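Student: I have a structure to read and would like to know what stands behind the words used for it. Can we go through them one at a time?

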Amino acid sequence: MTRFFLDQREVDAQPGESILQAAQRHGVELPHLCHKDGLQPEGNCRACVVEIEGERVLAPACCRTPHAGMVVNAQGERAQSARRSVLELLLAEAPAAGGELARWARAADARVAHFALSPAPVDPDAMPDRSHPAIVFNAAACILCTRCLRACRDEQANDVIGLGGRGRIIFDAGVALGASSCVACGECVAACPTGALTEKSGATLAPAADIERIASLCPYCGVGCQLTYRVAANAIVGVDGRNGPANAGRLCVKGRFGYDYARHPGRLTTPLIRRAGVAKDATLAGTVDDWRQQFREASWDEALDFAVCGWQAVRRDFGDQALAGFGSAKGSNEEAYLFQKLIRLGFGNHNVDHCTRLCHASSVAALLEGLGSGAVSNPVRDVDHADVIIVIGANPTVNHPVAASFMKNAARRGARLIVIDPRMTDLARDASHILQFTPDTDVLLLNALLHVIVFDKLTNETFVKERVDGFDAAFIDNLRAYAPEAVAATVGVPAQTLRTVAHLYASAGSAIIFWGMGVSQHTHGTDNVRCLIALALLTGQIGRPGTGLHPLRGQNNVQGASDAGLIPMMLPDYQRVADAAVRARFAGHWGAPLADVPGLTVTEILDAAAAGTLRGMYVLGENPAMSDPDLNHARMALARLDHLVVQDIFLTETAALADVILPASSFAEKDGSFTNTDRTVQLGRAALAPPGEARQDLQIIEALARRLGLDWHYGSPAAVFTEMRQVMSSLAGISWQRLQQEGAVTYPCRHDDDPGEPVIFRENFPTANGRGRIFPVAFRPAAEIPDADYPWVLITGRLLEHWHTGSMTRRARVLDALEPEPYVNLHPDDLAELGLGERGMLRLSTRRGELTAAARADAGLPRRTAFMPFCYGEAAANLLTNPALDPQGKIPEFKYCAVRVAAAG
Amino acid sequence: MTPDAATRARLHALLEKSPTEALPRDQLIEFLHRIQDACAHLPTSLLTALAAEMKLPLAEVVEVASFYHHFDLVPGADAAPPPTTLRVCTSLACAMHGAEELAERLAGQFGPEVRVQRVPCVGRCAGAPVAVSGQKPLERASPASILAVLASGQTTDPAPPARRLADYRAAGGYDLYKACLRGERSRSEVIDSLDHASLRGLGGAGFPTGRKWRLVAAQPAPRHLAINIDEGEPGTFKDRHYLEREPHAFLEGALIAAWAVGLENIWIYLRDEYAACRRLLTEELAALAAAFPAAPTIELRRGAGAYICGDESAMIESIEGKRGMPRLRPPYIAEVGLFGRPTLAHNMETLHWVPEILRRGPEWFAGQGRHGRQGLRSFSVSGRVARPGVHLAPAGITLNELIAEYCGGMAHGHTLYGYFPGGASGGILPASLADLPLDFDTLQAHGCFIGSAAIVVFSQHDSARRLAQNAMEFFAHESCGQCTPCRVGTRVSAALMQAPVWDAERLDALARVMHDASICGLGQAAPNPTRSVLRHFPQEVE
C-alpha cells in the first residue's frame with residue numbers, strides 16, 4: 001500500500017495500481033480513452049493527464065504508478081484545462097465520434113467546435129468502409145487510441161490492424177477491411193471507444209434502454225466462451241464477450257456474429273408429418289429447400305403420438321434391438337441425460353450415441369484405457385504456465401479460435417510452440433518448431449519422439465516408477481525400429497528436428513499437448529493417442545499446472561453429452577453397461593431394468609439400418625446425413641428406416657428423410673448446463689422464446705417418454721440436473737443454485753465446498769491401481785492408400801466461419817456472407833499443374849462419390865493433397881470420405897482417403 | 001496471401017540473404033531500404049514476402065514502412081512513383097532563399113521520370129536553397145543547376161574528403177583510447193574530467209555528460225550506447241560538418257565511453273539524408289573494426305526520413321526496427337533503453353569533444369566561454385548573414401557578437417529583424433534581444449532555448465509569422481501521430497495561423513495543451529515559434 005496525495009488529500013494506492021485507477025477508487029473520475037482494462041497501457045490520448053509535483057509537464061494518470069508521498073494535482077486548473085483541450089482536439093479530429101468520447105466531452109464541458117478543423121482531417125463525406133459483412137470502419141470517428149489494434153494484435157493475436165503513416169488505422173497493407181485477412185472476431189469493435197468500428201447490423205446504435213442483457217454462453221465450440229446476449233423484441237441484436245474462465249471476455253466470429261440463425265425464415269415452427277405416399281429420396285434432390293412437397297403440418301399431439309406409435313410398431317415387429325437414438329452434443333447436459341435415459345428405458349436397449357463417435361471416440365478410448373478418464377487433464381488456459389506447447393493434428397485458430405488466441409499469447413510471451421501437422425496452419429506463424437509431416441505417418445513420427453525419449457534417457461524415472469505401468473521390454477523393443485533417422489524420409493521431417501523436439505518436450509519444466517481430429521479421425525486414431533499418452537507418462541508431463549493432455553473437444557457440450565451417457569457402452573459418468581453391478585445401480589435409481597448388452601455406435605447403427613436389421617430412430621439435433629462418412633450409404637440407410645423421428649430447429653438433410661419432424665428450441669431459447677472442453681460446467685440462459693409452436697427440447701423428450709410409458713415429470717432443467725448429481729459423482733458438489741451463483745464450476749467437484757479441479761491426475765490416475773498404463777504401438781497405414789486410379793489424398797475438416805454441418809451457421813447472415821460457397825484447398829503448384837487459378841472448378845471423385853467445388857490455393861498443404869470443409873450441403877465432402885473404422889474407437893477415417901482431382905468441365 | 005517462389009527469391013536476392021538465413025526483427029528498416037533502393041518504391045508483393053519470411057504480420061511491416069517519409073508505399077505496380085525523386089527543401093533558411101518559388105518552377109519541368117517533392121530540412125542550410133536529386137544534394141540550387149545534375153545522371157555524392165583512420169592515428173588518434181584500455185586512465189578520472197569540463201549534451205537537451213555516464217554505469221549490464229546523428233532540427237548541420245571532416249573523433253569518444261561506462265554494443269543512427277557520410281562511415285567502421293578487433297561492435301543504422309527520430313527514445317524504437325514513436329518516460333532510457341537494456345544515448349557532437357577534452361584537459365574546454373558561460377558551442381548559422389556555416393564559438397556569445405565576429409556581418413542589404421536561437425523548435429527572438437548570451441538556460445525567460453545551437457537569422461525582408469507558420473507546418477508534418485496534443489494540436493495551430501489576424505486565445509490554449517500534455521519534446525516545443533510571434537512580433541498578427 002502506497003500513501004500519496006491526491007488533490008491535497010492523503011490517499012492510498014494498491015500495489016501496481018495506476019494513478020487513474022487509484023483516483024477512480026477514491027471517487028475522482030478522470031476522462032480516459034486509450035486506456036482499457038486488460039489492454040497494455042499506451043498513454044497516447046492524454047485525456048487523463050494530471051499534474052505531479054516536481055515534474056515539468058503533465059503526466060498520463062493511466063501510465064503512472066504513485067510512489068510514496070507523490071503529490072498529484074488532478075483537479076487543478078492546469079490539468080483540467082489540458083484535459084478539456086485534449087477532448088476538444090479529439091472532437092475536432094473525429095467529428096463523427098460518439099460513445100466514450102462524447103460522454104467524457106460532455107462531462108468536461110468540452111466545446112465541440114473550439115478547435116474545429118476546416119476542412120476536417122478526414123473528409124466527412126468520405127464513405128465509411130463498409131466492405132466487411134460484419135464490421136464497419138468510419139475513420140471520421142477514429143481518435144487513434146489504438147485500442148482496436150491492441151485488441152487485434154495483443155489480445156486476439158490476429159494481427160490485422162496496424163497504425164499506418166503518422167496516425168491512421170490500416171488493415172494489413174492498407175486495404176479495405178473486407179479485403180483484409182480479418183477473421184471478424186470483433187474484438188476491435190468491442191474495444192473501440194468512439195464508434196469508429198461498429199457492428200454492421202447497427203445493433204450498437206439501438207437505445208440502451210430497450211435492450212435486455214442475458215448472461216449466457218456461446219453455442220458453438222468446446223471452448224465454452226461466456227457471453228451476453230443483447231435482446232430486443234424477442235430477437236438477439238448483438239453479443240458481447242463476458243469474462244468467463246475460458247474466454248476472459250474474448251469471442252470469435254461465430255460467437256459474436258453468428259447469433260441470428262435462430263430467427264432464420266427456415267426455422268421449423270410446427271410439427272411436420274411426412275405426406276402419405278411421398279417416398280424418401282436418399283439423393284436429397286431439391287427436398288431440403290421446400291418441405292411442403294414432402295410434409296404436412298400437424299398438431300403436437302398428433303405428431304407426438306405418430307412418433308411414438310411408429311417406434312412401438314417397430315419394437316413390436318422387429319424386437320428390442322431395432323430402435324436407436326442419436327442425441328446431440330449441441331444440447332444441454334440435461335437434454336443429453338434425459339435422451340439417453342429415454343432410449344435405455346423407453347426403447348429398452350443401449351443403441352444411443354452421438355457425434356463424439358465422429359470426433360474424439362478414439363481419444364476417449366485410449367485415454368480411458370491408459371488413464372482411466374476420457375476428459376482433459378488441464379484446461380486450455382494452462383498454456384499460461386507451460387514452457388512447451390505441442391499442438392498436433394489440430395487447427396485451433398479455425399476450430400477453437402479463442403483457445404488459439406491464448407496459445408498465441410503464450411508463444412509470444414516466450415513459450416515454445418511446436419506445431420505438428422501435415423497442413424501448415426495459421427498457428428504455425430507463432431511456432432518455434434513446425435513439423436509438417438506426411439499425412440498418415442502420425443505413429444511413425446510419435447514413435448520416433450518416444451524412441452529419442454527412451455534411448456536418450458529422457459524419461460522421468462521417478463514418475464515412471466511411481467505412476468506408470470507398461471514401460472517394459474516389449475514397449476522398448478517396439479520402439480527400436482522407429483529411430484528418427486529410420487523414419488525421417490517417410491515422415492517428411494528431418495531426424496534432427498524430431499530429436500530436438502523430443503528433447504524440448506521431455507526436458508521442459510512443463511509441457512502440454514493439445515490435439516484435435518487430425519489425430520483422432522484415423523483408423524489408427526486410438527494408436528495415435530496411445531503414443532501421446534506415452535509421451536506424457538514417460539516424461540512425467542502430466543498432473544501439474546501447464547502440463548498434461550488436452551484433446552480439444554469440438555462441440556460446445558460434447559464433454560457433457562459424453563459424461564451424461566450418450567454413449568452405447570457407457571452409462572452416465574462412463575460407467576460400463578457391461579458391468580452388472582453398474583446396471584443394477586442404475587436400475588435401482590431409475591426404477592426399471594436395463595438391457596445387458598452394450599449398444600451400437602453411430603456408424604454401426606447406420607450399417608444396421610442399411611442392412612434392414614434396425615428399423616426406427618430418434619434423432620435429436622444431429623445431422624448424420626451430412627456428418628457421417630460415405631454419405632450415399634448413410635443417406636440410403638436413413639431413407640430405409642421404417643420410422644425416423646427428427647427433432648431439430650431446421651429442416652436439415654437428415655430431417656428431409658424423416659417420417660415426423662418435431663420443431664425444437666435453439667440454444668438461446670432454453671436454460672441448461674453445458675460442459676466445455678476444460679470440464680467446466682456453465683449455464684446457458686434463455687434469451688428468446690421459441691418461435692411459433694416450437695417447444696423446448698426437454699419438454700419434447702419428456703412428452704415422448706410419457707407416451708412411451710415412462711412416468712416423468714421433471715418440468716425444469718434444474719430438476720434433471722439434480723437427478724444427474726445423484727448418479728454422477730463427478731457432479732456431486734455442483735448444485736443448480738451454485739451454477740446460477742458462480743456461473744462456472746469445474747468438475748470433478750465432490751461436495752458443496754469443493755472448488756473443483758481444473759488440473760487432475762495430480763496424485764494418481766482413476767484406474768484400478770491408480771497407475772497409468774502405456775502400450776507399444778505399431779505403425780499401420782490408412783485404410784485406403786492413393787493408387788493409380790485415385791492418386792491424391794483427401795483431408796476433410798472445418799473452417800472458421802461454419803460450424804460442423806453448417807445447419808446453424810449457413811443460416812447466420814454474417815457467417816454465410818463471409819464463406820458462402822464450397823471450396824477445396826490445393827497447393828498452389830498443384831493448382832497451376834491442373835491449369836486452374838483461384839476459384840477454378842475442380843471435380844473430386846473417390847470410390848464412394850464425387851462432387852465439384854471451387855479451388856483455393858493454400859501453400860500450407862502438402863502436394864497432391866486436397867482439403868475440403870464438410871459443411872456445404874451443395875457439395876458435401878462426406879460423399880467422398882471413407883467409412884473405415886478405428887477398431888477401438890469406431891471412429892471413421894475422415895482425415896485420409898484416396899481421391900482423384902481434376903479440373904471440372 | 002502466400003508469396004510465390006519467384007517473389008521470395010527476388011526478396012532474398014535484394015536482401016543478399018540466403019532463404020535459410022534469419023532476418024532479425026530489428027533490421028526491418030534496413031531491409032525496407034534495400035527494397036526501396038532497388039525498386040524506387042515498396043511493392044506490396046515484396047512487403048508481403050518480407051512479412052512472411054520475417055514471420056511478422058503484414059500490418060506490422062506496413063505500419064513501419066509507412067511511418068518513414070523516405071519509403072514509398074504504393075497499392076500496385078501501376079501506381080509506382082517516378083524513378084527519380086527531386087527533393088526541394090522548404091524549411092526556414094531555404095524558404096528565405098526562395099525554395100517555394102524554386103519548387104513551383106520545377107514542378108512543371110519534368111515528364112514521368114522525375115517527381116518533385118517539398119521536404120523538410122536536409123541539413124545544408126548554409127547552402128540554401130537546397131535540392132536533392134536522388135541522394136545527390138545540390139546547394140544554392142537553381143533550375144539550371146538542377147537540370148544539369150539530372151542530365152549528368154549523378155544521383156549520389158562520393159564520400160567526403162575526411163581524415164581517415166590511418167591519418168587520424170598518425171596524428172595520435174586512438175592513443176587515448178589505448179591508454180584507457182591499458183589502464184593509464186581510470187574510469188572515474190575520465191568521468192570527472194567531463195564534469196570539470198562542463199560538457200553537456202549537444203543534441204539540444206544539455207544534460208551534463210559526466211552525470212549521464214555515471215547514471216548508466218550504475219545500471220545492470222548489459223548496457224548499450226546509441227549515437228544520435230539524426231540531425232533533423234531545421235537549421236542544424238553541425239554534426240555533418242564534423243562527420244565530413246573528422247569522423248574518428250566521435251568514434252574514439254564512443255569507444256572511450258564504452259570503456260568508461262561498460263557498454264557492450266554501439267549503434268550509430270545516421271539520418272538518411274547524409275548518404276555520402278554513410279558511405280564514409282561504413283568504410284571507416286570497417287577499418288576501425290579491423291584495427292580494434294576486441295572493441296565493442298559498432299552497428300550503423302540508416303534513418304528513413306523522420307525528424308522525430310532525433311528524440312532519443314524514438315531513435316531507439318527505430319534502431320529496433322519499429323515506428324519511430326517516442327516512448328513514455330519514465331522509465332528513462334538510461335534504465336530501460338535499446339532492446340530493453342540500460343542505454344547511454346548521445347548526440348554525435350557530444351562524443352566528438354570527449355577525446356580532445358581528455359587530451360587537453362577539462363580546463364581547456366571549460367575555460368572557453370563568454371558572459372559567464374563555459375565551453376564551446378558549434379553554431380550552425382544560416383539565413384541572412386554574410387558567411388553562414390558552422391562556427392565554433394564560445395558558449396554565451398551573443399547573436400550580435402556571433403554575426404560580427406564569425407559570420408562576416410549581415411548579408412548585403414539585410415538588417416537584423418529576428419532570429420531562431422535553436423532551430424525551428426527553440427522559438428524566435430527579435431533584434432532587440434540580440435545581446436543575450438546564447439547558451440543553455442539563458443533564453444528561457446524569453447520563451448526560447450538554444451537547443452542544438454541552430455541560429456537562423458532573418459531580416460527586414462522576412463516575416464516572423466511566415467517563418468513561424470513554416471515551423472508549425474513542419475511540426476505537423478513530422479509529428480509521429482502518437483499523442484493527441486501534438487498530432488491534432490500542430491494541425492489545428494497551422495490552420496489557425498493562416499488567418500491574417502491570429503486568434504490569440506485559441507493559439508494560446510493550444511500552446512498550453514501541447515506543451516503540458518504532449519509525450520515528447522516535439523509536441524512540447526512545437527508552439528514555441530507561435531508563442532514567440534505573439535510575444536515579440538505581435539504587430540505581424542494583429
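Tutor: What follows goes through a buried residue, one chain and two cavities, in a model that is predicted.

Student: Why is I649(A) called buried?

Tutor: Buried means under 20% relative accessible area. I649(A) has 8% relative accessibility, so I649(A) counts as buried.

Student: Where in chain A is I649(A) found, and which residues does I649(A) touch?

Tutor: I649(A) sits in the loop between strand 26 (643–648) and strand 27 (660–663) of chain A. Leaving aside residues up to four places away in sequence, I649(A) touches Y261(A), G266(A), R267(A), L268(A), A664(A), S665(A) and S666(A). Contact here means heavy atoms within 4.5 Å.

Student: How far apart are I649(A) and V452(A)?

Tutor: In sequence, 197 residues separate I649(A) from V452(A); in space, the C-alpha to C-alpha distance is 52 Å.

Student: Turning to chain B, how many helices and strands does chain B have?

Tutor: Chain B has 23 helices and 15 strands.

Student: What makes chain B as compact as a globular protein of that length?

Tutor: The globule rule gives 24 Å for 542 residues, and the radius of gyration of chain B is 23 Å. The two values are close, so chain B is as compact as a globular protein of that length. Along the principal axes, the C-alpha atoms of chain B fill a box of roughly 65 × 65 × 45 Å.

Student: What percentage of the residues of chain B count as buried?

Tutor: Of its 542 residues, 62% count as buried. Chain B exposes about 18900 Å², and carbon and sulfur atoms supply 53% of that area.

Student: How many cavities does a search of the whole structure find?

Tutor: The search finds 14 cavities of 30 Å³ or more. The largest cavity holds about 530 Å³ of space, and the second largest holds about 420 Å³.

Student: Which residues lie nearest the centre of each?

Tutor: For the largest cavity, lined by 36 residues, they are M517(A), G518(A), Q521(A), T796(A) and K895(A). For the second largest, lined by 31 residues, they are S328(A), K330(A), G621(A), D648(A) and M808(A).

Student: What classes of residue make up the two linings?

Tutor: The lining of the largest cavity has 14 nonpolar, 16 polar and six charged residues. The lining of the second largest has eleven nonpolar, 14 polar and six charged residues. Gly counts as polar in this scheme.

Student: Which element gives the most to the lining of the largest cavity?

Tutor: Strand 32 of chain A does, with three residues.

Notes:
Residues numbered from 1 in each chain as written. Chains lettered and ligands numbered in written order. Predicted model: local features only at pLDDT ≥ 70, side-chain atom pairs only at ≥ 80, totals over all residues. Heavy atoms only, no water. 1 Å grid on protein atoms, 1.4 Å probe; cavity = no way out; pocket = protein on both sides within 12 Å on 5 of 7 lines; lining within 4 Å. Points joined across faces, edges and corners; volume = space filled by probe spheres on them. Helix = DSSP H or I, 4+ residues; strand = E, 2+ residues; numbered from the N terminus. Buried < 20%, exposed > 50% of the residue type's maximum accessible area, 1.4 Å probe, protein only. Rg over C-alpha atoms; globule rule 2.2 N^0.38 Å. Areas by Shrake-Rupley, 256 points an atom, 1.4 Å probe, with all protein chains shown as cover.
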